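Colleague: Please choose one part of this model for a close look, and take me through the part itself, what lies against it and the side-chain links found there and elsewhere in the chain. I would like the cut-off behind each term as you go.

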Amino acid sequence: MSRGSHYWTLLFMALLKISIQEQKDTKAKNPYFTKFQSTAHLRPTKCQVCRLLVTEFLEKMKVTNNKEGIHKGYSMDLSEDKKINYQTSEIRFMEVLDNLCDRMRLYQARAGPEFPYIRGAVGHLREVFNDMSKKSKVKLNFELPDDIIDDYTHEITRVKFECIHLLEKVEEHLEDWYFNHQNEDLMKWLCEGKILTQQERGCLTASTTIPSDYYSVYDKK
């Protein structure tokens, strides 16, 4: 069997296990996962993308939180009046925007939470593989690329694409906030004030906590 065929066989087995796990019987069905699957075609919403974009923009603001000034040009004059305030400099703004939407790869779409995108979470397919490895009597070597395991539905790829699309639309707004409104809450200022209608804002305050009974559903007989 070729390596490519091996990849897809393992992927099929894992997806089959997910399907069987959800369809054993009515009592064993996880309502959170059922809802998650049935609404997959609606994700990501504009609200979800805006929330993620702002979250990662602010994270990069923290990473670039350098209080020291930048000296202008190549002058040997190191006096304070020859420095640029890095906190509000265009250099910092460009650093924050650089590869911003690539950071969507840090997230996983998870069933259960009101807001389904969880930073650093284990994906459903990887969770299945981990479970298969624990229960197997022999060592399993899946050899599947991480991008297949972690994004087998391509949902995070779609999130990244929508992030890029939204960023193109709101870059001027972000620039305005950065230079003139940093004292204001960016989530409210941008997502609520510039992007979303009243009816579209629900996800901005949605919880990312997995319900306490998420796993116990399978234990009910």
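Modeller: I would choose helix α7, which runs over residues 155-180, has 26 residues and reaches 35 Å from its first C-alpha to its last, close to the 38 Å expected at 1.5 Å a residue. Helices here are DSSP runs of H or I with at least four residues, strands are runs of E with at least two, and both are numbered from the N terminus; the expected span is 1.5 Å times one less than the number of residues in the helix. This is a predicted model, in which local features need pLDDT of at least 70 and side-chain atom pairs count only at pLDDT 80 or more, while totals for chains, interfaces and linings use all residues. Residues are numbered from 1 along each chain as its sequence is written, and side-chain values use heavy atoms, with hydrogens and water left out.

Helix α7 contains a kink of about 60°, centred on Val170, where the bend at a residue is the angle between axes fitted to the seven residues ending there and the seven starting there. Val170 is also one of the buried residues of α7, a set that includes Glu155, Ile156, Val159, Cys163, Leu166 and Leu167 and, further along, Leu174, Trp177 and Tyr178. Buried means under 20% relative accessible area, exposed means over 50%, and partly exposed lies in between, with a 1.4 Å probe and protein chains only. Among the elements that cover these buried residues are the helices α2 (31-38), α3 (46-63), α4 (90-97) and α8 (186-195), together with the strands β3 (107-109) and β4 (117-119); contact here means heavy atoms within 4.5 Å.

Cys163 in α7 also takes part in a covalent link, since a disulfide joins Cys101 to Cys163 with an S to S distance of 2.1 Å; a disulfide is taken as a pair of cysteine sulfur atoms within 2.5 Å. The torsion about this S-S bond is about -75°, so the disulfide is left-handed. Because Cys101 lies in the loop between α4 and β3 and Cys163 in helix α7, the pair ties together parts that are 62 residues apart in sequence. Both cysteines, Cys101 and Cys163, are buried.

The structure holds three disulfides, and the other two both begin in α3, one of the helices that cover α7. A disulfide joins Cys47 to Cys203, again at 2.1 Å from S to S, and with a torsion of about -100° about the S-S bond it is left-handed. This pair links distant parts of the chain, Cys47 in helix α3 and Cys203 in the segment after α8, 156 residues apart, and both Cys47 and Cys203 are buried. In the remaining disulfide, Cys50 is joined to Cys191 at 2.1 Å, and a torsion of about -100° about the S-S bond of Cys50 and Cys191 makes this one left-handed. As Cys50 lies in helix α3 and Cys191 in helix α8, the pair ties together parts that are 141 residues apart in sequence. Cys50 is buried at 1% relative accessible area, and Cys191 counts as buried at 0%. With the bonded cysteines of the protein chain numbered in sequence order, the pairing is 1-6, 2-5, 3-4.

Helix α3 also carries charged side chains in salt bridges, of which a search of the whole structure finds nine; the term means a side-chain nitrogen of Lys or Arg within 4 Å of a carboxyl oxygen of Asp or Glu. Arg103 forms one with Glu56, the closest N and O atoms being 2.7 Å apart. Arg103 lies in the loop between α4 and β3 and Glu56 in helix α3, so this pair ties together parts that are 47 residues apart in sequence. The side chain of Glu56, which is buried with a relative accessible area of 0%, also meets that of Arg119 in a salt bridge at 3.0 Å, N to O. Since Arg119 lies in strand β4 and Glu56 in helix α3, the parts tied together are 63 residues apart in sequence; Arg119 itself is partly exposed, at 42%.

Within α3, Glu59 forms a salt bridge with Lys62, their closest N and O atoms being 3.6 Å apart. Being three residues apart in the helix, Glu59 and Lys62 are separated by about one helical turn; Glu59 is partly exposed at 27%, whereas Lys62 is exposed at 60%. Salt bridges that share partners join Glu56, Arg103 and Arg119 into one network.
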